[in-house]
Amino acid sequence: MSLSRVTVTAVRNLHPVTLSPSPRINIIHGANGSGKTSLLEAIYLLGLARSFRSAKLQPVIQYEQPACTVFGQVELLEGRTSSLGISRDRQGEFQIRIDGQNAKSAAQLAETLPLQVINPDSFRLLEGAPKIRRQFLDWGVFHVEPRFLPAWQRLQKALRQRNSWLRHGTLDAVSQAAWDRELCLASDEIDGYRRAYIQALKPVFERTLGELVELDTLSLSYYRGWDKDRELAEVLASSLLRDQQMGHTQAGPQRADLRLRLGAHNAADILSRGQQKLVVCALRIAQGHLLNQAKHGQCIYLVDDLPSELDEQHRRALCRLLDDLDCQVFITCVDRELMRDGWRTDTPVAMFHVEHGGITQTFDHRSEA
C-alpha cells in the first residue's frame, strides 16, 4: 500500500501542490521553516483528520483561508486503488470522502491509510503520560484485531454512563449494575486483545531494537489498568466510595500503560535523547511488521528530521530497518547529503525540495553522477 498522488491546499505555509511520491522512499529536504514538516502534517491529516503538531486546528489552516484540504490516491493490494479526501474548516468541522462517498468517522480513514510518525517529540512515548502509550498500543490493536473498535466503543459508552452516575447519582441500582457489568465485559475483551498484541509485539521489538542499539536490560511490560490478581468487578466494588469522591472510574482499561524499564529504573530516566529515539523507532517499526503480517499490507512512515540526535552508524541502521519494511516512507531533513546512503540499490528513492512553502521534485539521489 502506498500513496501514488497527494494534493495539498491551504495547509500552513505550503503552496497548493500535487505530488507523485515514490512507493518506497521519499526524501523531503530544505531549510528550517520551509514547510517540510507541514507536508508530513498534511499526509497525517489525510490519514487521521487531525494534526500531530497541534491539538488546535487553527494554526494548520493557512492564514485567511476558510479551510484546508488534502486528497490522496492510495495504491492497495492486487492493483486496487482508493481515493481519500479530507477537508477541515476553522469551526472544526470536517468532511471525509472515501471513494466518492461521505465517511462518518475518522476511523475509516485510519483503516485505509495506516500511518506511523517518528519526529523530535517521539521521546514523549517514553517520558509522557500513560495516555500516549495507550494510544500507541491501541493503534496497533486496532489495525490487527477487527473486533477491537466495537469493544472500545462499548467501553467508552459504559464509562460515560458510570462516570455520570458517580458525579450525579442519576441511575437506579439495577441500571448501575447493568452498566457495571457491561463495563467489565468490554474491559475483559479489550484487555485480552491488548495482551495478545503485546505478546506478539515484544519479540519483534526486541529483535528490531537489537539492530539499532545494545540495551540488554531493557524490558517492555503491560499494565492492564487494575490489579492483575483481582477481577475488575471486585475492584470497582471496593473502590466505589473513592470513585464517587473523585467523580470518575479509576480502574479499568482507560488506565492501562506500557512500561519500559532499564534494569530496575524507568527507561526514560536513564536513556539519552538519542537512545530514546532509537527505542521509539524500534517500537514503531515493530508495529509495522505486525501490521504487515496481519493485513499483508504496509503502513506509511512519516519521519521528521531523521538525522537529528543520531550519528552516522545509527542513522544508517535506521534507514536499513525502514528499507527492510518494504513500505512507503517520507523523511524530512535539512541536508540531503546525510540521506544519500543507507538504502538498497534497487530501492526507488524520490527527492523533493521545499523552499518558502513551494515543493519541487528533483531527482533520485543515486542517479546523480
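Which residues of the protein chain does the domain assignment give to domain 1, and which to domain 2? Hi everyone, let's start there. Domain 1 is written in two pieces, 1–113 and 297–368, and domain 2 covers 123–295. Please keep in mind that we are looking at a predicted model.

Now, how far apart are the C-alpha centres of domain 1 and domain 2? The answer is 28 Å. As for the contact, domain 1 brings 20 residues to it and domain 2 brings 19.

Next, the area. Together, domain 1 and domain 2 bury about 1,700 Å² between them. Of that buried area, 66% is on carbon and sulfur atoms.

Let's turn to the pairs that reach across. The rule finds one salt bridge across the interface of domain 1 and domain 2. You can also look for R320 and E211 on your screens: these residues form a salt bridge, and their closest N and O atoms are 3.8 Å apart. For polar contact, the interface has five residue pairs, both residues being at pLDDT 80 or more.

So much for pairs; which elements give two or more residues to the side of domain 1 that touches domain 2? They are helix 2, at 106–112, and helix 11, at 312–324. Helix 11 gives the most, with six residues.

Last, the classes of residue on that side of domain 1. Here we count twelve nonpolar residues, along with four polar and four charged ones.

That's my tour, and thanks for listening!

How values were computed:
Residues numbered from 1 in each chain as written. Predicted model: local features only at pLDDT ≥ 70, side-chain atom pairs only at ≥ 80, totals over all residues. Heavy atoms only, no water. Domains from an automatic or database assignment. Contact = heavy atoms within 4.5 Å. Buried area = accessible area lost by both parts, 1.4 Å probe. Salt bridge = Lys/Arg side-chain N within 4 Å of Asp/Glu carboxyl O. Polar contact = N/O pair within 3.5 Å; in protein donor to acceptor, adjacent residues only side chain to side chain. Helix = DSSP H or I, 4+ residues; strand = E, 2+ residues; numbered from the N terminus. Nonpolar A, V, L, I, M, F, W, Y, C, P; charged D, E, K, R; others polar.
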